[in-house]
2 protein chains.
Amino acid sequence: MAPEEVRRHNLTAVLDRLHRSGPMSRSELAQKTGLNRSTIADLIGELSRLGLVEEKPGTASAGPGRPSPVVSPRPKGATVLAVEFSVDSVAVATVGLGGHVYGKVRQARARGTHSVDETIEEVARMARALLDDFAEDQVLVGMGVAVVGVVRRRDGFVHLAPNLGWKNVPLGALLGARFGLGDAVMAANEADLGALAEFRRGAGVGATQLVYVNSEVGIGAGIIQDGQPMLGAAGYAGEAGHTLINPDGKPCTCGARGCWETEAGEAALAERAGLTEFVGQQLIEEITQRVDDRDPQTLQALQVTGTWLGYGIGNLINVFNPDVVVIGGLYQELYPYLREPMEEAARSVVLQAPGEAVRIVRGSLGVDASLLGAAEMALSPVIADPAGVRAVTPTEPPDRVEA
Amino acid sequence: MAPEEVRRHNLTAVLDRLHRSGPMSRSELAQKTGLNRSTIADLIGELSRLGLVEEKPGTASAGPGRPSPVVSPRPKGATVLAVEFSVDSVAVATVGLGGHVYGKVRQARARGTHSVDETIEEVARMARALLDDFAEDQVLVGMGVAVVGVVRRRDGFVHLAPNLGWKNVPLGALLGARFGLGDAVMAANEADLGALAEFRRGAGVGATQLVYVNSEVGIGAGIIQDGQPMLGAAGYAGEAGHTLINPDGKPCTCGARGCWETEAGEAALAERAGLTEFVGQQLIEEITQRVDDRDPQTLQALQVTGTWLGYGIGNLINVFNPDVVVIGGLYQELYPYLREPMEEAARSVVLQAPGEAVRIVRGSLGVDASLLGAAEMALSPVIADPAGVRAVTPTEPPDRVEA
DNA sequence: CGTATTTGTTGCGGCGTCCAACAATTGGGG
DNA sequence: CCCCAATTGTTGGACGCCGCAACAAATACG
């Protein structure tokens, strides 16, 4: 490890703290990082010159002593485009260092197959409005993409996204080309990014081992292991929705039978509730309505589905020994109704030791978890090498098509 | 990161390479670590003064140029006691840096409850013979312990070890006190350590994401994630044997029903084969015999058990996206018979993407995997801080009891 | 208003790595 | 047999980065 690597390491340590925990006094930074006051001063100076942090004179004063200036991450210094391709919507946001959201657009779409090209053009239109709002000195550094499907981390290759009708789509490369961002595009699975977001800015802050359970049409899991996303050998880890949990179960879209998601997924819930004509948000609303009316079939459906959900969660707890399990996706909204059977079922599976320390909680970022996770992912190279920040200038998106 | 931490980091980088990959020329070390020739010379000098490596003059000469001396890890410089408390045996070994095994003793025991104190005394007797063989200048640095049960990593507290009849035993502290090793004792689960050993010195060398499936009485998994053992929040990760895989299955010792190990474990196999009076090695031998005789019930039992084994492995592949799955424990020996149904069942569960790159292989370390893993674990503090090595002197174990 | 306390600032020293020049050693070609 | 190219250990010096200690600045409290 060369001296310059040490420098990078320490710049990262400081910036990472600010990015995660927000504004902080210089002296606090020195304490937390264990670095000397003079070193911190020097590091802050460099980060400030790079435009990644800014200092406001001594706003923080508690007790006697010279007031310490407060250092804040500077969102304009490094902003990313976050994009989410979800089951029934597409979303774009601009997010800066420290997690500041400049703007966010979500566009509902019918479920089913969508052309890749048209979808990208739609994203381009949505992004244009957000990019137009950029300040003069605002620096764009890349793009993060969340996809509801199996995505290879390395290059953003979409192996399979049944809910979009995509197969073997080099999405990362396509977006990079379309926006003129080259390889400053990172893509990953929705659940993995939801996990990252809830871990960084949501219900899982402070966890060391986090399991995020994302339910949309299918069920996916995202895992944070020792503070780092667990990617697997090729970035495909977390496909817990297709673990076998009931050999006598229903056939699954994946070709197997009795997968967790065939028992605990949205379709299973809808079928048990006799509401197969509804999907997504409408299904949620319909169910909520019927719960209020104390409809027995709906209550029973929630009971059964919650139980299956809990079995699968129990399995994940035994395997990962997490301190937090976060329920994300659709079921966030049904959490109050699913909670009891889910927790009971999980308890029935979980061994005593891993069961003692775990909390099962509802996600706190709502539908935007994956989108925010995509932003976090795209910001990570900046934090890993603050001095290496390169601004990218997107090619001008096309003018809006006039009617 | 202070300068002294940089030094430690680089010492670790060099020693770790030697420990894992064995003897290596100086120039090769420089290449692999990216450090300068002069820096390498300095680091080797320090490690040599610490007694952790030794140089033999230019044995390695390929092509023109000045021959580069070969640097080797020096096992005597840091040796550990490795102990394994398994289902039907206790084992002790002395292992030095680089993985050199000085001696190894395994003592078969009947299954069932064993007194903690007597077991520790037995280990002390076994260890004595090995310690007597120590050379004058051989340095003992600690003890690593593998336990067939649920063990808390931090302090070696045995939460539950049904196969030994132990519950809430502060094993780490007891062993530390008995041997006068204080807190230089580390304990962990058998499967976790089997994973570590196969990853470092067995069938999983070179993997990035490894899943080790250990079958003794129950089934446990050990996971290597990005080259590091995955421990979970409290060190209990990997209890895959108690994941629900068949809701209509048999009751499990854990209180639940349809756990993976009730379907794919040793007891299930024995029952299907009609050999419930045999356990462990005897069961293996009996089965092997009957397979040679083409006994239909045995063949069928292997077919069914292999299938269940494969389902669970498939689940793990979907969740972890490993590049290697290593079959360890009892089933290593039945691997040839289990392989086909296992692989077919796994394939039926695994998604295409994570299934493409994975290899399912038989462990190559045999019954000693966990024991060797315990040694690797106990050696890890030396590698993490080579300059901080402290020799420990075990209290003289009691004289052998004369008959 | 003075004192204790905390923290930024500054100059210096130390540690650890890199660099460049040189020496050592070997293989191969004439 | 000798010379040259290639590779690598060795050595002294330079550089980068951090820690330290003394000092200055700014605040709370009595």
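Modeller: Quick vocabulary first: helices (H or I, at least four residues) and strands (E, at least two) are DSSP runs, numbered from the N terminus. This is a predicted model, where local features need pLDDT of at least 70 and side-chain atom pairs count only at pLDDT 80 or more, while totals for chains, interfaces and linings use all residues. Residues are numbered from 1 along each chain as its sequence is written, with chains lettered from A and ligands numbered from 1 in the order written.

Biologist: Okay, how many helices and strands are there in chain A?

Modeller: Chain A mixes both kinds of element. Its count comes to 13 helices and 16 strands.

Biologist: And what is the radius of gyration of chain A?

Modeller: That number is taken over C-alpha atoms, and the globule rule to compare with is 2.2 Å times the number of residues to the power 0.38. For 403 residues the rule gives 22 Å, and chain A comes close to that, so it is as compact as a globular protein of that length. The C-alpha trace spans about 65 × 60 × 40 Å along its principal axes. The radius of gyration of chain A is 22 Å.

Biologist: What percentage of the residues in chain A is buried?

Modeller: Buried means 20 or more other C-beta atoms within 10 Å of a residue's own, exposed means 12 or fewer, and partly exposed is in between, with C-beta atoms placed from the backbone. Out of the 403 residues in chain A, the buried part makes up 51%.

Biologist: How far apart are the centres of domain 1 and domain 3 of chain A?

Modeller: The bounds come from an automatic or database domain assignment. It gives domain 1 (3-73), domain 2 (77-192 + 369-388) and domain 3 (205-364). Taken over C-alpha atoms, the centres of domain 1 and domain 3 of chain A are separated by 41 Å.

Biologist: Now the DNA! Which element gives the most to the surface near DNA strand C?

Modeller: Near means that a residue's C-beta atom, placed from the backbone, lies within 6 Å of the strand. DNA strand C has 31 residues around it, with A:Arg26, A:Gly65, A:Arg66, A:Ser68 and B:Arg66 the closest. Chain A supplies at least two residues from each of helix H2 (26-33), helix H3 (37-49) and strand E3 (68-73), and chain B does so from helix H1 (3-21) and helix H3 (37-49). The biggest giver, with 5 residues, is H1(B).

Biologist: And which element gives the most near DNA strand D?

Modeller: DNA strand D has 32 residues around it, and A:Asn36, A:Arg66, B:Arg26, B:Gly65 and B:Ser68 come nearest. Two or more residues each come from helix H1 (3-21) and H3 of chain A, along with helix H2 (26-33), H3 and strand E3 (68-73) of chain B. With 5 residues, the one that gives the most is H1(A).

Biologist: Where does the largest share of the side of chain A that touches chain B come from?

Modeller: A contact here means C-beta atoms, placed from the backbone, within 7 Å. Each chain, A and B, puts 44 residues into it. On chain A, at least two residues each come from H1, strand E9 (157-161), helix H10 (296-320), helix H11 (331-349) and helix H12 (352-356). The largest share, 6 residues, is from H10(A).

Biologist: Is B:Val150 buried or exposed?

Modeller: B:Val150 is found in strand E8 (residues 150-152) of chain B. Not counting residues up to four places away in sequence, B:Val150 touches A:Leu351 and A:Ala353 from chain A, plus B:His159, B:Leu160, B:Asn189 and B:Tyr236. Since it has 24 C-beta neighbours inside 10 Å, B:Val150 counts as buried.

Biologist: How many other C-beta atoms lie within 10 Å of B:Val80?

Modeller: B:Val80 sits in strand E4 (residues 79-85) of chain B. Leaving out residues up to four places away in sequence, its contacts include B:Val95, B:Val141 and B:Leu379. B:Val80 is buried, and the number of other C-beta atoms within 10 Å is 28.

Biologist: What is the phi of A:Asn321?

Modeller: Most residues other than glycine have a negative phi. A:Asn321 lies in the loop between H10 and strand E15 (324-329) of chain A, and A:Asn321 is buried. Although A:Asn321 is not a glycine, its phi is positive, at about 45°.

Biologist: And what is the phi of B:Asp226?

Modeller: B:Asp226 is in the loop between strand E13 (219-225) and strand E14 (228-229) of chain B. With 14 C-beta neighbours inside 10 Å, B:Asp226 counts as partly exposed. B:Asp226 is not a glycine, yet its phi is positive, at about 55°.

Terms used:
Two residues are in contact if their C-beta atoms, placed from the backbone, lie within 7 Å.
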